[in-house]
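Reader: Please take one part of this model and go through it closely, at a pace that suits a first-year student. I would like to know what its side chains do and how much of them is covered.

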Amino acid sequence: MTYLPTDRSDEVATKGDIARLESRFDRLELRFDGLDGHITQMYETVIEQQKFYSRTTVWSMVGLTAIFSLVVTLFG
């Protein structure tokens, strides 16, 4: 009991204080939900770009190997 405040009634939270905090928490939660959607969309975009660039690199290497092989065959 010695640790409880004795005469500090100005530091006690009211129901209105709690309601305002809950309202702010609800608004923050909505913002975070929106951010989650944006982050998921960005992640999916990055994955698609990575797949595209990987395929492009592989097919470029295949093409260059074919051209090099043809040049070696014709002039080698």
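Author: A helix here is a DSSP run of H or I with at least four residues, and helices are numbered from the N terminus. The model is predicted. Its chain has one helix and zero strands, and the part to look at is helix H1, which covers residues 15-75.

Start with the salt bridges. Side chains of opposite charge can pair when their charged atoms come close. The cut-off is a side-chain nitrogen of Lys or Arg within 4 Å of a carboxyl oxygen of Asp or Glu. Two salt bridges are counted.

One of them joins the side chains of arginine 20 and aspartate 17, with 2.4 Å from N to O. These two residues lie in helix H1, three residues apart, and that is about one turn of the helix. Arginine 20 has a relative accessible area of 49%, so it is partly exposed. Aspartate 17 is partly exposed too, because its relative accessible area is 26%.

Another salt bridge links lysine 51 with glutamate 48, at 3.9 Å from N to O. Because lysine 51 and glutamate 48 are three residues apart in helix H1, about one helical turn separates them. For lysine 51 the relative accessibility is 44%, which means partly exposed. Glutamate 48, at 45%, therefore counts as partly exposed as well.

Next come the aromatic rings. A pair of such rings is described by the distance of the centres and the angle of the planes. The structure holds one aromatic pair. The ring centres of phenylalanine 52 and tyrosine 53 are 5.4 Å apart and their planes stand at 65°, so the pair is edge-to-face. The cut-off for that label is an angle over 60 degrees. Phenylalanine 52 has 47% relative accessibility and so counts as partly exposed. Tyrosine 53 reaches 52% and is therefore exposed, since exposed means over 50%.

Now the surface patches. Glu22, Asp26, Glu29, Asp33 and Asp36 form a negative patch on the surface. One of these residues, glutamate 29, lies in helix H1. Glutamate 29 is at 39% relative accessibility, so it is classed as partly exposed.

A nonpolar patch of about 780 Å² is made by Met61, Leu64, Ile67, Leu70, Val71, Leu74 and Phe75. Phenylalanine 75 belongs to helix H1. Its relative accessible area is 70%, so phenylalanine 75 is exposed.

Finally, the chain as a whole. How many of its residues count as buried? Of the 76 residues, the share is 0%. Buried means under 20% relative accessible area, and the value of 26% for aspartate 17 is therefore not under that limit. The accessible surface of the chain is about 7700 Å². Carbon and sulfur atoms account for 65% of that surface.

Key. Residues numbered from 1 in each chain as written. Predicted model: local features only at pLDDT ≥ 70, side-chain atom pairs only at ≥ 80, totals over all residues. Heavy atoms only, no water. Patch = residues over 30% accessible without salt bridge, like charges linked within 9 Å, V, L, I, M, F, W, Y side chains within 5 Å. Areas by Shrake-Rupley, 256 points an atom, 1.4 Å probe, with all protein chains shown as cover. Lys, Arg positive; Asp, Glu negative; His and termini not counted. Charge placed at Lys NZ, Arg CZ, Asp CG, Glu CD. Buried < 20%, exposed > 50% of the residue type's maximum accessible area, 1.4 Å probe, protein only. Phe/Tyr/Trp six-rings, centres within 6.5 Å; stacked < 30°, edge-to-face > 60°.
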